[in-house]
Amino acid sequence: RREKHSAAAHSSGAASSSEALQFSRTLGRALKETFCAATARRLRRRRDNEDECFSRVAVVVAVAERAADDEERDVVALRRAFRLLCALPIFWTLYDQQGSVWVVQAYDMARRGWIQPEQVGVFNPIFILLLLPFFDTIVYPSLERHLGKAATSPTSRIKAGMVFAAVAFFVAAGVDASLPLNILWQLPQIFLISVAEILVCVTGLEYSYAQAPPAYRALVTSAYLLTTAVGDALAGILYAALGPFVSRTSLLLGCAAAMLAVVALFTRITTDSSTDVLLNTARAVGDDDAAPDCELQQGSSTRLLLDNNNITNNNTR
């Protein structure tokens, strides 16, 4: 009996040890699986965080590269725009003489009692109001039909306006050399300078705004208006320095020749730098507002010209 009881106890202890060993193995596997799962989750979270971090860095780098490219294109566009604006001060030197030198010329002409030298300039806005719709409805469409759109492009208009300004001063020099004449002989030169104003002032102001990068449109427009002040200052320096020694007729001829030289320079600039690149650059950015149609809106011509006349008159005063 004692031996049987000892064998049964030994058998029970072995069974308990086997169950404990099995339990410990099961617990170990469970802990190992739990640890592995937790480690895998941590690794996945770390990898996801790293991927998100890399994605954010990639976005930041792409945005920085895009901004650098946009800034570089803007700088190139500004450089070309300012190269074009450099041709305008000489035009304003001629244009604003209708309120100074031409008035002095009118005093030396024979005149009727119904019109005074200061009043001859009133024909300029009259010609403008008559010619603007004529150019918009007849001249520009006719040129496009017969010569193509290149004939009415902004740069072509500006060059043509400068030529008209030069011709106006050749006429003014001829009138000055033939004094005394009737004061109404100033009307041809006023008519020609009015045509030049339509072609240069309206087109130049709208074109400089349309071609400027969106972030720098105010700057380019201000620079365009600054050319008026520079041109007026050049006229004052010219007549103050050479007026006592050179005849007025010679100065008028010199202004006309200088205008023709600027036309040649402007032609070379617009040919070499290809000003249409400004529009293509804006379109490449993908901003619709940055790429306005290069075709000028004819309906806004009158408003732009009246605004520009007000600024020009204030500068002249």
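L260 is a good place to start: in this predicted model, L260 is partly exposed, with a relative accessible area of 37%. You will find L260 in helix α8. The value of 37% puts L260 in the partly exposed class because it is neither under 20%, the cut-off for buried, nor over 50%, the cut-off for exposed.

L260 also has company on the surface. Together with V163, V167, F170 and L253, L260 forms a nonpolar patch, and these residues share about 360 Å² of accessible area. Two elements, α5 and α8 (248-272), each give two or more residues to the patch. With three residues, α5 gives the most.

Now follow the chain onward from α5. Between α5 (154-177) and α6 (187-211) there is a loop, and Q186 is found in it. Here the picture is one of burial: Q186 has a relative accessible area of 2%, so it counts as buried, the cut-off being under 20%. What does the side chain of Q186 meet there? One of its polar atoms lies 2.8 Å from the backbone oxygen of W102. Setting aside neighbours within four places in sequence, Q186 is in contact with W102, Q105, A106, M109 and V120.

Finally, step back to the whole protein chain. Its secondary structure comes to 10 helices and zero strands. Of its 317 residues, 38% count as buried. Among contacts between residues at least 6 apart in sequence, 84% join residues at least 24 apart. As for the surface, the protein chain exposes about 17900 Å², and carbon and sulfur atoms supply 62% of that area.

Note on methods: Residues numbered from 1 in each chain as written. Predicted model: local features only at pLDDT ≥ 70, side-chain atom pairs only at ≥ 80, totals over all residues. Heavy atoms only, no water. Helix = DSSP H or I, 4+ residues; strand = E, 2+ residues; numbered from the N terminus. Buried < 20%, exposed > 50% of the residue type's maximum accessible area, 1.4 Å probe, protein only. Polar contact = N/O pair within 3.5 Å; in protein donor to acceptor, adjacent residues only side chain to side chain. Contact = heavy atoms within 4.5 Å. Patch = residues over 30% accessible without salt bridge, like charges linked within 9 Å, V, L, I, M, F, W, Y side chains within 5 Å. Areas by Shrake-Rupley, 256 points an atom, 1.4 Å probe, with all protein chains shown as cover. Salt bridge = Lys/Arg side-chain N within 4 Å of Asp/Glu carboxyl O.
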